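Student: I have a structure to study and should like to understand how it is organised. May we go through it step by step?

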Amino acid sequence: MTTTPETPVALVVLDGTQPLRGSDRELLVLAGGLGETHVVVPAAPGGALLRELAAHAVAAVHAPEGGADERLTVPAVALAEAAARAVRPRVVLLGSTPEAKEVAARLGVRLEAGVITDVVALDADLVATKSVLAGGWRTRCRARTSTLVATVRPNSVDVPARRDPGAELPEVRALPVEDTAPAARVVGRAQRPPSGRPSLEEARVVVAGGRGTGGDFGPLEELADALGGAIGASRAAVDAGWVGPEAQVGQTGRTVSPQLYVSCGISGAVQQRAGMQTAKVIVAVNKDEQAPVFEIADLGIVGDLRKVLPQAVERLRQLRS
Amino acid sequence: MTRPLTIVLPLKHVPDAKQERVLAGQPPVLARGPGILSELDEYAVEAALQLVEAHGGADAGHRVLALTMGPAEAAGALKRALQMGAGEGVHVLDDALAGSDAWVTARVLAAAVERIAATGGSPVDLVLTGMASTDGETSLVPGQLAERLGLAQIGFAASLALDEEGRAVTATRDAGSEVLQLVAELPALVSVTDRTNTPRYPSFKAIMAAKKKPVQTWSVADLGLDAAAVGFTGSLTEVLEAVPGPPRPAGQVVVDEGEGGIRLAEFLVAQKLV
């Protein structure tokens, strides 16, 4: 693709999760500042989704003509490609889930477009800011191609609280998509019981535990409940079987960038920092005053988390009532 | 009974993530000093070895090739894979490759996989990768490789197995609130996570045996590519600037003497985080 139309277009690729997640709204807000916003979804949108999108000034929604496709990744790529060829966007925005990164990768090949991942900011000239090397460095980079494909990290874009309800619903365009590229098939799905907490990647607050919890995440769960946060864990805690692997923070490929990261019983050695370094505020609780985590914490409490956390929960209750 | 398989492992040699890493130069690049096989690639090597061992082992005629694109030191990544048990190595080595982004890397590796198939006399059945490199961390190369090579792709596989006849891989993958069960007919590309298995430490015998395993070295021209198609010149993205940080200003450290939790709560309220 070498030319883009007169009215710049920003294409947002959504994965169909409803209602829209915070990270999805961030993509829509970001897109709105970069061009006329178009959205592509994997199935024909219902009224509720159209109203949500109208509130973000989405001009058109592209959906596939045919029915659901049980193949992995390729249908989403083919759909995004078809939408991109139809509207020739200057930028295609996706989230940072593993699935979204796979779509972004393959779309980049099909469109011959530069792909930049884990973007935390994108300016009007499509220069992207990334946090790299476990949060130790920031880079500014750009694509040399006329279209940029970018995956955006959650908690990067401010979503205004009040949005215009929007006069018009976006136009819905059916895209014929036929793609016979080899793909894996989904042959079964097992539901995991919902935890009632936000997912780690999306969470604005993460309360994470390590070896120092001794296996008892109870005080952390109380604090997470009080703060509406997600539970995270160090590799050691997951390996010990105290928490499920989906809670592991600092695993490459699962990035978290919360507003608040409360680190409990985690020493904060270099490889553990990948999870916490890009949090806006870090609070650490650890019995060992030499723990390296105190070097990067905004507030460090040297003490027993089994005393400190319940006391904090109780004080929060008092302050709120 | 599984027919002999050809498995290719694209690997990366990277600066050790446990040491300090620095971006320098214009355009900024990661300073390369002593490096290691990217930790996440070890899981891919282990996955390949386990598949082969479950289906007749070395005697069944399977080929497990370690492939890397990188400067001379990248041979260290191949060496580690050979010590773990890979049978042979391919090193794409060329000064023109310096500064290659994910687009170029995938293009070069795809050309290498095609050459492995063409010169090896049998098609490549499975490409196994880690889920991301520990330096670039883009996770782009596996998907771009699958797209270029026309391979059925399973990314972030939590578990992996070959079916009875060796014609397909079955895998599971965590997808938010679900666990997906997947099947991909060979040839396929699978990326594995750091929870998929536990990589083996090479035995002394394996380390000795690795010294005799063949490693081929190929240039960009050997792959039928132009110098202009690779390196900084051929990349579709560029880094304009790199800065450390932002540095976190030192915070307060308070010793709990009976009021630690209260301090914590009041801090959160003062910061408007609750």
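Student: Which domains does the assignment give for chain A?

Tutor: This is a predicted model. The domain assignment divides chain A into two stretches, and residues 9-175 form domain 1. The other stretch, residues 205-320, is domain 2.

Student: How many residues does each domain of chain A bring to the contact between them?

Tutor: The centres of domain 1 and domain 2 of chain A, taken over C-alpha atoms, are separated by 32 Å. The two domains of chain A are in contact, with 10 residues from domain 1 and nine residues from domain 2.

Student: How do the residues on the domain 1 side of that contact divide by type?

Tutor: The side in question belongs to domain 1 of chain A and touches domain 2 of chain A. Its residues divide into two charged, three nonpolar and five polar.

Student: Why does the radius of gyration of chain A agree with that of a compact globule?

Tutor: Chain A has 321 residues, and for that number a compact globule would have a radius of gyration near 20 Å. The two values agree because chain A itself has 21 Å.

Student: What percentage of the residues in chain A is buried?

Tutor: A residue counts as buried if 20 or more other C-beta atoms lie within 10 Å of its own. Of the 321 residues in chain A, the buried ones make up 54%.

Student: How many helices and strands are there in chain B?

Tutor: Chain A may be taken beforehand: its secondary structure comes to nine helices and 15 strands. In chain B there are seven helices and 16 strands.

Student: How many residues of chain B are in contact with chain A?

Tutor: Two residues are in contact if their C-beta atoms lie within 7 Å. On the chain A side 72 residues take part, and their partners in chain B number 70 residues.

Student: How do the residues on the chain A side of this contact divide by type?

Tutor: The side of chain A that touches chain B holds nonpolar, polar and charged residues. They divide into 16 charged, 18 polar and 38 nonpolar.

Student: In which sense do strand E15 of chain A and strand E16 of chain B pair?

Tutor: Strand E15 of chain A covers residues 299-302, and strand E16 of chain B covers residues 252-255. Over four bridges, these strands pair in the parallel sense.

Student: Which residue of E16(B) does Gly300(A) stand opposite?

Tutor: Gly300(A) lies within the residues 299-302 of strand E15 of chain A. Opposite Gly300(A), in E16(B), stands Val253(B).

How values were computed: Residues are numbered from 1 along each chain as its sequence is written. Chains are lettered from A and ligands numbered from 1 in the order in which they are written. This is a predicted model: local features need pLDDT of at least 70, side-chain atom pairs count only at pLDDT 80 or more; totals for chains, interfaces and linings use all residues. Helices (H or I, at least four residues) and strands (E, at least two) are DSSP runs, numbered from the N terminus. The radius of gyration is taken over C-alpha atoms; the globule rule is 2.2 Å times the number of residues to the power 0.38. A residue is buried if 20 or more other C-beta atoms lie within 10 Å of its own, exposed if 12 or fewer, and partly exposed in between; C-beta atoms are placed from the backbone. Domain bounds come from an automatic or database domain assignment. Ala, Val, Leu, Ile, Met, Phe, Trp, Tyr, Cys and Pro count as nonpolar, Asp, Glu, Lys and Arg as charged, and the others, Gly among them, as polar. Two strands pair if DSSP finds at least two bridges between them.
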